[in-house]
Amino acid sequence: MTDAPIFAVGDIHGQAGMLAAALDRIAADPDAGAPVVFLGDYVDRGPDTRGVIDLLCEGQAAGLPWVLLMGNHDRYMRNFLDGRGPQKPERLSWLDPRVGGRSALRSYGVDVGEARPEADIRADALEAVPARHLAFLRGLKTYHETAAQIFVHAGMRPGVPLAKQAEHDLLWIRDTFLDDPRDHGKLVVHGHTALDGPVHYGNRLNLDGGAGYGRPLSAARLVGRRAWLLSGRGRIAL
C-alpha cells in the first residue's frame, strides 16, 4: 500500500544517545509499530559506536520490524575486521582521521594510538568487537523498496533499474544523483551527504542531518511521498 506509514532514521555515526532519543520519538508517534528503516552509517566519528550497534542488535533480537541498511562507513568497518581493506571507491584506510574508525574502536576499548601498527590494532579489534557486532555488519542490506519509496544509504544512479545498481553507487554516490532533478519512479530516501537538517527535494529526501558532526539525528515518518520530521513537539512537515 502506498499510503502505509513507515519511519526512517538518518546517519547515526556513533551517537547512541541520539539514537535512543530518536527511538523514543518513534515510540511516541501514533503510528508506532510501523516498520523503521535505518539508512546506514551506524559507526565512526561519534563517541559510542559500540552502544549504537548494541541498541540495533537488541531491536533485531526482539523481532522489531526494523530494516537495517549498509552505509559506506559500516562497510569500511566490516572490511577492516575481515582483513579486506578499502574497496573501490574507498581510497583511505578506515583508521584515517577523515574516516573515523579510530573513534569507533575506542568505544570497544581498543588502543588506537598513532604509533601502533595497523596490524596490531586490527588484532586487538578482533578480540574486542563482539561476534554479534561483526555478524550485524555482515548482514546489512544495500537497499529497501516499498510501494512508494526506495531507501538507500547514498542514492542511486539515475536511469539504472534498482536491481542493476552497483553497490558502490548505493553507498557512495553524490553529485550524479544529487544534481539530477528527474523523478525516480518512487521517492528516494537517503542519507550520506550531511546537511544542517533533513530536506525534501520532491524526488528524494535527504535525512542526514549531520549527527556525525554533533547535529541532531533525524527520524521521519513517511506516507507515500510525504514526510514529517519527528520532534519533541510531534510531527513537522518536510
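## Exercises on a predicted model

At 6% relative accessibility, His 192 counts as buried, and the model in which this holds is a predicted one. The exercises below begin with this residue and then move outward to the rest of the structure.

### Exercise 1. Backbone and burial at two loop residues

Determine where His 192 and Arg 45 lie, what sign phi takes at each, and whether each is buried or partly exposed.

*Step 1.* Place His 192 first: the residue is found in the loop between strand S6 (187-190) and strand S7 (199-200).

*Step 2.* Read its backbone angle: His 192 has a positive phi of about 80° although it is not a glycine. Most residues other than glycine have a negative phi.

*Step 3.* Turn to Arg 45, which sits in the loop between strand S2 (36-38) and helix H2 (49-61) and has a positive phi of about 70°, again without being a glycine.

*Step 4.* Apply the cut-off for burial, which is under 20% relative accessible area. His 192, at 6%, counts as buried, whereas Arg 45, at 28%, counts as partly exposed.

### Exercise 2. The surroundings of helix H3

Explain why helix H3 (residues 72-82) is described as largely enclosed, and state which elements cover its buried residues.

*Step 1.* Consider the count: 10 of the 11 residues of helix H3 are buried, so the helix is largely enclosed by the rest of the structure.

*Step 2.* Identify the residues concerned, which are Asn 72, His 73, Asp 74, Arg 75, Tyr 76, Met 77, Arg 78, Asn 79, Phe 80 and Leu 81.

*Step 3.* Find the cover, which includes H2, helix H4 (101-106), helix H5 (118-128), helix H6 (131-138) and helix H7 (167-172).

*Step 4.* Examine one member of the helix: Arg 78 lies in helix H3 and is buried, with a relative accessible area of 10%. Its C-alpha atom is separated by 9.3 Å from that of Phe 136, although the two residues are 58 residues apart along the chain.

*Step 5.* Follow the chain beyond the helix, where Gly 83, just after H3, takes a positive phi of about 80°.

### Exercise 3. The nonpolar cores

Describe the largest nonpolar core, with the residues that touch the most other members and the helix that gives the most to it, and then locate another core.

*Step 1.* The largest nonpolar core has 44 residues, of which Phe 38, Tyr 42, Leu 56, Trp 94, Leu 105 and Phe 136 touch the most other members. Helix H1 (residues 16-28) gives the most to this core, with 5 residues.

*Step 2.* Another core, of 14 residues, lies apart from the largest one, and its members include Ala 8, Leu 39, Val 67 and Ala 227.

*Step 3.* Return to Phe 136 and leave aside its neighbours within four places in sequence; the residue is then in contact with Tyr 42, Ile 53, Leu 56, Cys 57, Gln 60 and Leu 68.

### Exercise 4. Two residues and their distant partners

For Ile 26 and Tyr 143, establish the element, the burial and the contacts of each.

*Step 1.* Ile 26 is found in helix H1 and is buried, with a relative accessible area of 6%. Beyond four places in sequence, Ile 26 is in contact with Phe 7, Val 9, Ala 32, Val 36, Ala 219 and Leu 230. Its C-alpha atom and that of Ser 231, 205 residues apart along the chain, are separated by 9.4 Å.

*Step 2.* Tyr 143 belongs to strand S4 (residues 143-145) and, at 28% relative accessibility, counts as partly exposed. When residues up to four places away in sequence are not counted, Tyr 143 touches Leu 69, Phe 151, Val 152, Leu 162, Ala 163 and Leu 170. From C-alpha to C-alpha, Tyr 143 and Val 37 are 9.8 Å apart in space, with their positions 106 residues apart in sequence.

### Exercise 5. The whole chain

Decide whether the radius of gyration agrees or disagrees with that of a compact globule, and set the overall values beside it.

*Step 1.* With 238 residues, a compact globule would have a radius of gyration near 18 Å, and the protein has 17 Å, which agrees. The C-alpha trace spans about 50 × 40 × 30 Å along its principal axes.

*Step 2.* The protein has 8 helices and 11 strands, and buried residues make up 54% of its 238 residues. Among contacts with a separation of 6 or more, 61% are between residues 24 or more positions apart.

*Step 3.* The accessible surface comes to about 10,100 Å², of which 52% belongs to carbon and sulfur atoms. There are 28 positive and 29 negative side chains, and the centres of the two sets lie 4 Å apart.

Conventions
Residues numbered from 1 in each chain as written. Heavy atoms only, no water. Core = buried A, V, L, I, M, F, W, Y, C linked by side-chain atoms within 4.5 Å. Buried < 20%, exposed > 50% of the residue type's maximum accessible area, 1.4 Å probe, protein only. Helix = DSSP H or I, 4+ residues; strand = E, 2+ residues; numbered from the N terminus. Contact = heavy atoms within 4.5 Å. Rg over C-alpha atoms; globule rule 2.2 N^0.38 Å. Areas by Shrake-Rupley, 256 points an atom, 1.4 Å probe, with all protein chains shown as cover. Lys, Arg positive; Asp, Glu negative; His and termini not counted. Charge placed at Lys NZ, Arg CZ, Asp CG, Glu CD.
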